[in-house]
Amino acid sequence: MPVTSAPNRLRLAVQKSGRLSTDSLELLASCGIRVKSPKERLLLHSDNFPIDLLFVRDDDIPQLVMDGVCDLGIVGTNVLEEAALERRTQGSASGYLVERPLDFGGCRLAIALPEEKPYASAKDLQGLRIATSYPQLTKRFLAEQKISAEVVYLSGSVEIAPRLGLAEVICDLVASGSTLEANKLRAVETIFKSTAVLLRSTHQLPAEKTHTLEILLRRIDGVQKAAGAKYIMLHAPKTALAEIKKLLPGSENPTVLPLAGDESKVALHAVCSEAVFWETMESLKKAGASSILVLPIEKMML
Ligand code: ATP
Ligand code: ZN
């Protein structure tokens, strides 16, 4: 299906269906970008922001961005780095910019082997077969460790390779480790830590798109800064104010307001850039604070 070009609209590639899809669309929604139609369509236009979304497999995203077919993409650095290494080995251009790391899609690429197999160091991989969907990253690790092992490429279900006798060891993505456990494998070596990123093409953008991108980045920053941040309100005896201010996690210049009908106390409002735990609230209370309220922050523009 030909994809019509829209010269003044940013084109962003996102994963059609998988672990990054929901978070990618939620990030855009938090940035106030509305996309209406269902995901069966390949290309969706936002009706309130000059951006079009292209829904594809995550593996295709680095190439689409590096070739300038899309201006932007949201993809895991595992897929990105693998694609960049692959293109370098083929001698193709592999330019891209990581505009922002994103706070989702966290996982690691790890070497795992059957639970009963002993493992002391990477040297134990010498001469083995390693099944993986990430041959480039695996080969790079082996080269760094000066180990010679055979890399067997599998596009999926890598965790069953040892049982099938295809390989002794695997190198696969791990988040909670439950897939490994279910297959009686244990991770012994992390070779790459990954998160989702907003990726940008190095192809020059026209001025209008550059302006749209600046707005998008500012909004992403606002959403990411607000994530985990809290607005805290409390009453404090004037005498305890200095100690209470010190207890507030990651807050600068709180607002201090007089409290009607009570000369000895003030109201304090502050934005805390870090999470406010029950322990912090208990310490605040101990220091003399009362009526402590902790509120979520949706967006932030500094
Ligand atoms: P596609 O059909 O788009 O190729 P896929 O099967 O390759 O999908 P998913 O399993 O949806 O991909 O994973 C997409 C990305 O999500 C991974 O490349 C990785 O960056 C990230 N991710 C986060 N947590 C995990 C996890 N536990 N296992 C695998 N990938 C994870
Ligand atoms: Zn994929």
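**Zinc site and four-stranded sheet**

Asp-58 counts as buried because its relative accessibility is 17%, buried meaning under 20% relative accessible area, exposed over 50% and partly exposed in between, with a 1.4 Å probe and protein chains only. Asp-59, at 40% relative accessibility, therefore counts as partly exposed. The model is predicted, with local features requiring pLDDT of at least 70 and side-chain atom pairs pLDDT 80 or more, while totals for chains, interfaces and linings use all residues. Side-chain values use heavy atoms, without hydrogens and water, residues are numbered from 1 along each chain as its sequence is written, and chains are lettered from A and ligands numbered from 1 in the order in which they are written.

Asp-58 (OD) and Asp-59 (OD) are the protein donors of the zinc ion (ligand 2), at 1.9 to 2.1 Å from the ion; donors are N, O and S atoms within 2.8 Å of the metal (3.2 Å for Na, K and Ca), and sites may look incomplete because water is not among the atoms. The arrangement of the four donor atoms is irregular because the angles around the zinc ion (ligand 2) are 75 to 171 degrees.

Elsewhere, an open sheet of four strands follows the order β13-β14-β12-β15 with antiparallel pairing, where strands (E, at least two residues) are DSSP runs numbered from the N terminus and two strands pair if DSSP finds at least two bridges between them. β13 (255–259) and β15 (290–296) are the edge strands, each pairing on one side only. β13 is joined to the antiparallel β14 (residues 262–272) by five bridges, and Pro-258 stands opposite Val-266 in β14.

Notes. Four donors count as tetrahedral if all angles lie between 85 and 135 degrees; four count as square planar and six as octahedral if opposite donors are over 155 degrees apart and all others between 65 and 115; anything else is irregular.
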